[in-house]
Amino acid sequence: MADLETQVVVVGGGATGTAVLRDLALRGIDAVLVERADLGTGTSGRWHGLLHSGGRYVVKDPVSATECIEENMTLRRIAPHCVEDTGGLFVLLPENEQSYGDAFVEACEKTGVPCEELSLDQARKREPLLTPNLSRVFAVPDGTLDGWKLMGGFVADATSRGARVLLRHPVVGFERDGDQIRAVRVRDTAAGEDRLIGCQWVLNAAGAWAGQVATLAGGRLRMAPGKGAMVVMVSRYVRGVVNDCRMPGDGDIIVPVHEVAILGTTDVETNDPDDISVDPREVDFMIDACAQMVPAIANGRVLRAFSGSRPLYKAEDAAGDSRDITRAFFVLDHSERDGPGNLLSIVGGKLTTCRQMAERTVDVLAAKMGVDADCATAEVPLPGAEHGFHRLADPLATVEKKVEYGELVCECELVTRARIEAAVDQGTTELDDLRRQLRLGFGPCQGAFCGWRAAAIVDDRRPGENEPLANLERFLEERWRGQRMAVWGDGAVQALLNHAIYRGTFDLRPQQEPAETEREA
Amino acid sequence: MRADVVVVGAGPAGLAAAVALAEAGRQVRIIARGNGFTHWGPGAVDVLARVGGKEVGRPLDGVPELPARHPYRLLEDEVLRRAIDRFQRLAAAAGLAHEGSLDQNRRQVTALGTLRPTCLVPAPAARPLAGRVAVVGFAGFRDFAAGLCARGLRDAGYQASVQAVELPSWSHERHFTAVDLARAIDDAGFRSRLADRLAGATRDADVAVVPAVLGLAAGHEAWADLERRTGIALVEAALAPPSVPGLRLYAAWLARLRELGVRLQLGFPVTGLEVGDGRVTAVVTEGASRPIVTRCNEVVLATGGVAGRGIQAQRDGSLVEVVAGLPVQGFADRMHYLADRFLDDHPLGAAGVVVDAELRPLDTTGKPALDGLRCVGSLLADHDPTAEGSREGIALVTATRVAELLAAAPV
């Protein structure tokens, strides 16, 4: 007997899974989403935050480019509060292949990506820290996207329409009846026991982990995760996104996200999507490459480095470097391939196109289920959309205006006690989860001042639920894993001062074994 | 400009060295980029709390187990005794009595409810936690959480309960620090109203733990006054920076320097030395429009390690001593000077300049690098002030040693 019955089980709480859940809910299809950790703890929480204009793909992957610009416009409409409308530039450096400039303009036109050439004076006015050594500059409607906010919005909207979400419920097996999956077995990690979710359909939205999920279900699916490293600088450096105008390659983009700038990326093929290690040489390489566009980055302060696993799908016979694999997405029907008759896998794609991926997937599923409701996700705005675009100064303005916001617990990211208390009251007790929800500990001190304050608040609101010093230790160690690759200069001063606070003043000694996996942003 | 001895750095080592040198009759000037560890630390005197990760009960018992070139091994135990005596006298004269001695380490309560091992603690942190302990939080003060502190104390076997006290009304910014609150408590009216509330909240307790914010301007007087008014023993718990006990000590050193006629130039990073005939002749300071040269006979570097910015860690993994370019005992690349776990010891914390027993920095051949130059405090190699719990002890013993060495030298 199943513990829970539903029409569709969605596996994976990243951007795709949450977008699918919302799409199903809007079409009146009952669904349960299961996620092994917290929302956005896989690739959707480990990316650079770029709302693609498509410019990056116009020459190399025109299909992706068109998908990007369509979805860019859609997200600006349905979720403007998750978007900072920064705009973006493509800068052609003198050492680049100069003919790429004309090719870029032509490809933008073909793919429908708006593109305007700026004079060098206009460009420098817009981005004062740009190198003076420029050949040409093009403006495109890039932006930045808060992925966690978007996923939170999808889930809030879906659950308000009856969908259910089970976090920290990894899939451990599938109950089959012939070639049909009858139920999904998940492990409730808090309770330490398994639960069975009876269902008619399973939608595998596990991204880079989709191969593992499909295999567990008796299907066959080969993912080719591409590991990409990124570097977080302590301040923004640029007002909008800055891209190197050449074929996509390593270290060619600077994305200003909230208070920081993220430099991206590298691409290393890997077999294990949980391998998110960063080689210090990748850090050095990206700083040097991005400093070609914005020289101040060469001597700037680095906060941390992290990597994520791109959910790339490689058809069995394809060969070559993983950057050559298309960024477009595929809906795979396992009944036509290899296995269960009621399993669909959605693979490939990018965070920018998550809504469109969900639409195509649910179109396929709805047809199979005989549901004829049209997709409404491109029209119905998310809760919070009335706020309009996110602006960098919004959090500060809110804190300054509203006395009831009270104490600032995280000064770097302007996180108040009231917001932490509200999140804890809703059941979040792990500091690392509060970090993703509230941006706690993202700033220059990397949690040194807010970490223990937040641990105390959690224990005060929910006594005994999460041992505060162990909670704090996990948080500090998580922050450290990202910093460790990039400690020098002012970062080294900060690291040793933080160490002097926690080991010196507070005499906190390591109690726990290092965690096996790391989560990031 | 001219000085006899220039001390570079205004942390515990530089301040203590300047006082000791001036008391020994030298004419001294301090030039520093900014404040040092006084403002960051827990406001106690750590001498030697751990060796190889194990606690030592009596600091001097741990010294033989330290590496051969550790500053405590380079210097006689007697120098450390004199340094601690000298510190106790200065602190007491400034109304900042410290409890404890080199005979036994003791414990200091922290905001996390841990009991950190240290050697000397200021009197407001020194009352025994005997009987019923009330841990008192002040509403709206974010740097102390009574529940967390009490929980730690209970885990350590103490009978600790939690009490909340609303602060009397006072004029402050919405987000106030320990220093803001300490200044408010300096005001007699505010303090008297706070005392009434504290007394009410601690009626059933034998001792009360409070955040280390009980007054700043008049040494330990505000603490003593609150004890008198409330009739209960008060124990200040160490907080994250800024450190009120550290600021009190900084003020005491500053007052003594003023009495001795020592000038303190803060906000002037020293960028280099001038040298003639193998001997230092001047220090060069970054000025607003041009370098400022201060001629002198001796230079004492008290610029700190990597944390104090006396040493700069570079992206390529090299470590650069910022004033004289002295060789730094370091590591091959940046991945090797850090531990995988944040809370473990980091080799970078022990990076420093190798000196001889007269605190002269050595060049790569093992000979004194430059006449007239000495190094003190966390700048020295072969010790890790955080991992060992030795920061203030190293600062004081090297400061005393340098003053004793230079006292005999001609002015």
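# Two chains, two helix pairs and three residues

I would like to begin with a single residue, B:Gln312, which is found in strand S18 of chain B, a strand that covers residues 311-313. Please keep in mind throughout that what we are looking at is a predicted model. How buried or exposed is B:Gln312? There are 17 other C-beta atoms within 10 Å of B:Gln312, and because a residue needs 20 or more to be buried and 12 or fewer to be exposed, B:Gln312 is partly exposed. Which residues does B:Gln312 touch, once we set aside residues up to four places away in sequence? The contacts are with B:Val320 and B:Val322 in chain B, and with A:Gly489, which belongs to chain A. As for distance, B:Gln312 and B:Val244 are 68 residues apart in sequence, and their C-alpha atoms lie 28 Å apart in space.

Let me now step back to chain B as a whole. Chain B contains eleven helices and 20 strands, and its C-alpha atoms fill a box of roughly 70 × 40 × 40 Å when this is taken along the principal axes. For a chain of 411 residues, a compact globule would have a radius of gyration near 22 Å, and the value for chain B is 22 Å, which agrees. Buried residues account for 54% of the 411 residues in chain B. If we take the contacts in chain B with a separation of 6 or more, 69% of them join residues 24 or more positions apart.

Within chain B there is a helix pair that I would like to show you, namely helix H1, residues 12-23, and helix H9, residues 244-259, which pack with their axes 10 Å apart at an angle of about 30°. Because angles under 35 degrees count as roughly parallel, H1(B) is roughly parallel to H9(B). The crossing of these two helices, H1(B) and H9(B), is left-handed. Where do they meet? On the side of H1(B) we find B:Leu15, B:Ala18 and B:Val19, and these meet B:Trp253, B:Arg256 and B:Leu257 in H9(B).

Turning to chain A, I will start with confidence, where the average pLDDT is 92 and 95% of the residues score at least 70. The exception I want to point out is the stretch of residues 515-521 in chain A, where the pLDDT is below 50, although this stretch has 19 contacts in the model beyond near neighbours in sequence. Where pLDDT is low, the predicted coordinates should not be read in detail.

The secondary structure of chain A comes to 14 helices and 24 strands, and the C-alpha atoms of chain A fill a box of roughly 65 × 60 × 45 Å along the principal axes. With 521 residues, a compact globule would have a radius of gyration near 24 Å, and chain A, at 23 Å, agrees with that. Of those 521 residues in chain A, 57% count as buried. Among contacts in chain A with a separation of 6 or more, 74% are between residues 24 or more positions apart.

Chain A also offers a helix pair, made up of helix H1, residues 15-26, and helix H5, residues 147-160, whose axes come within 8 Å and cross at roughly 25°. That angle makes H1(A) roughly parallel to H5(A). The contact involves several residues on each side, including A:Ala15, A:Thr18 and A:Arg22 of H1(A), and A:Gly147, A:Leu150 and A:Phe154 of H5(A). H1(A) passes H5(A) in a left-handed crossing.

I will finish with two residues of chain A, the first being A:Phe90, which is found in strand S6, residues 88-92. A:Phe90 counts as buried, because it has 29 C-beta neighbours inside 10 Å. Not counting residues up to four places away in sequence, A:Phe90 touches A:Gly55, A:Phe104, A:Phe138, A:Val140, A:Asn243 and A:Cys245. By contrast, the C-alpha atoms of A:Phe90 and A:Leu440, which are 350 residues apart along the chain, are separated by 32 Å.

The other residue is A:Ala107, which has its place in helix H3 of chain A, residues 99-111. With 20 C-beta neighbours inside 10 Å, A:Ala107 counts as buried. Leaving aside neighbours within four places in sequence, A:Ala107 is in contact with A:Val58, A:Val59 and A:Pro62. Of these, A:Val59 is 48 residues from A:Ala107 in sequence, and yet the two C-alpha atoms are 5.7 Å apart in space.

Note on methods
Residues are numbered from 1 along each chain as its sequence is written. Chains are lettered from A and ligands numbered from 1 in the order in which they are written. This is a predicted model: local features need pLDDT of at least 70, side-chain atom pairs count only at pLDDT 80 or more; totals for chains, interfaces and linings use all residues. Helices (H or I, at least four residues) and strands (E, at least two) are DSSP runs, numbered from the N terminus. The radius of gyration is taken over C-alpha atoms; the globule rule is 2.2 Å times the number of residues to the power 0.38. Two residues are in contact if their C-beta atoms, placed from the backbone, lie within 7 Å. pLDDT is the predictor's confidence in each residue, from 0 to 100. Axes are lines fitted to C-alpha atoms, for helices over the stretch in contact, and angles run from 0 to 180 degrees between N-to-C directions. Angles under 35 degrees count as roughly parallel, over 145 as roughly antiparallel, 65 to 115 as roughly perpendicular and the rest as oblique. A crossing is left-handed if the near helix is turned anticlockwise from the far one by less than a right angle, and right-handed if clockwise.
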